[in-house]
Amino acid sequence: MTKKMNPGPLGLLGFGMTTILLNLANAGITELSLVVISMGVALGGLAQIIAGILEFKNNNNFGGTAFTAYGFFWLSLVMIWLLPKDYPAFTADLTSMGFYLLLWGVFTTFMFIGTFTHNTITKLVFGSLALLFFLLALGDFTAIRLITNIAGYVGILTGLFAMYSAVGQIVNEELGKKVFPL
């Protein structure tokens with residue numbers, strides 16, 4: 001018997017690990033560096049997009065939409081950070097970043113509603129992610145660094161939820177029993 005392909009853990013690891021790295025910087029624990037940018041392109045962007053395409057192939061509209069959308073979020077975020085070096089007139093200000101993050105928060109809220117028939121960990125991932133986007137938007141709109149720092153801790157938790165889900169799916173499937181409740 002052939003196992004069904006499950007690209008979810010790859011997408012969740014891509015999302016979770018990248019989210020943790022970025023939010024360590026948002027929380028003020030580390031600096032934003034090439035580590036976050038590289039992870040954002042490779043694992044946050046490309047790995048999630050690949051996982052999303054494979055989810056669509058599995059007829060999973062929710063997983064396909066989530067992974068491809070958030071994969072492109074990471075690629076667009078890296079472009080926002082890097083393109084001003086070549087196009088300084090187009091540097092993003094806090095207000096435009098606030099609206100960018102607010103729109104992602106609105107999208108994520110709708111995705112969170114879609115998790116109401118999913119397992120608990122998926123609800124936690126999307127619920128905390130929506131809160132993260134709204135806090136980051138508020139931090140940018142108000143220019144209050146403390147709000148962004150608090151958002152950073154929410155983001156670290158969000159990333160940990162996603163990593164737990166990925167590892168839980170892999171370990172539970174490999175061992176054929178529920179080791180990590182989801």
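In this report a residue is called buried under 20% relative accessible area, exposed over 50% and partly exposed in between, with a 1.4 Å probe and protein chains only as cover. By that scale Ile150 is partly exposed, because its relative accessible area is 44%. Ile150 has its place in helix H6, and its C-alpha atom is separated by 7.9 Å from that of Leu135, 15 residues apart along the chain.

The model is predicted, so that local features need pLDDT of at least 70 and side-chain atom pairs count only at pLDDT 80 or more, while totals for chains, interfaces and linings use all residues. Residues are numbered from 1 along each chain as its sequence is written, and side-chain values use heavy atoms, with hydrogens and water left out.

## Overall fold

The protein chain comes to 6 helices and 0 strands, where helices (H or I, at least four residues) and strands (E, at least two) are DSSP runs numbered from the N terminus. The order of elements from the N terminus on is α-α-α-α-α-α. The radius of gyration of the protein chain is 16 Å, close to the 16 Å that the globule rule gives for 182 residues, so the chain is as compact as a globular protein of that length; the radius is taken over C-alpha atoms, and the rule is 2.2 Å times the number of residues to the power 0.38. Along its principal axes, the C-alpha trace spans about 55 × 30 × 30 Å.

Buried residues make up 45% of the 182 residues. Of the contacts (heavy atoms within 4.5 Å) with a separation of 6 or more, 67% are between residues 24 or more positions apart. The protein chain exposes about 9,500 Å², of which carbon and sulfur atoms supply 73%; accessible areas come from the Shrake-Rupley method with a 1.4 Å probe, and for residues only the protein chains shown count as cover.

## Core and surface patch

A nonpolar core is a set of buried Ala, Val, Leu, Ile, Met, Phe, Trp, Tyr and Cys residues joined through side-chain atoms within 4.5 Å. The largest such core holds 33 residues, and those touching the most other members are Tyr70, Phe73, Leu77, Tyr100, Trp104, Phe126 and Phe133. Two or more residues of this core come from each of helix H1 (8-26), helix H2 (34-57), H3, H4, H5 and helix H6 (145-175), and H5 gives the most, with 9 residues. Trp104, when its neighbours within four places in sequence are left aside, is in contact with Ala69, Tyr70, Phe73 and Phe133.

On the surface, Val106, Phe110, Ile113, Phe116 and Phe134 form a nonpolar patch with about 490 Å² of accessible area together. Patches are made of residues with over 30% relative accessible area and no salt bridge, like charges being joined within 9 Å and nonpolar side chains (Val, Leu, Ile, Met, Phe, Trp, Tyr) within 5 Å; a salt bridge is a side-chain nitrogen of Lys or Arg within 4 Å of a carboxyl oxygen of Asp or Glu. Helix H4 (residues 94-114) gives the most to the patch, with 3 residues. Phe134, by contrast, is found in helix H5 (residues 120-142), and Phe134 is partly exposed, with a relative accessible area of 33%.

## Loops and selected positions

Two loop residues other than glycine have positive phi values, as the table sets out.

| Residue | Phi | Loop | Relative accessible area |
|---|---|---|---|
| Asn59 | near 65 degrees | between H2 and H3 | 72%, exposed |
| Ala143 | about 60 degrees | between H5 and H6 | 54%, exposed |

Ala27 lies in the loop between H1 and H2, but it counts as buried, because its relative accessibility is 9%. Setting aside neighbours within four places in sequence, Ala27 is in contact with Asn149, Gly152, Tyr153 and Ile156. Ala27 and Arg145, 118 residues apart in sequence, are 9.2 Å apart in space, C-alpha to C-alpha.

Gly139 has its place in helix H5 and, at 3% relative accessibility, counts as buried. Not counting residues up to four places away in sequence, Gly139 touches Ile144, Ile147 and Thr148. The C-alpha atoms of Gly139 and Asn26 are 10 Å apart in space, with their positions 113 residues apart in sequence.

Met79 belongs to helix H3 (residues 61-82) and is partly exposed, with a relative accessible area of 47%. The C-alpha atoms of Met79 and Ala89, 10 residues apart along the chain, are separated by 14 Å.
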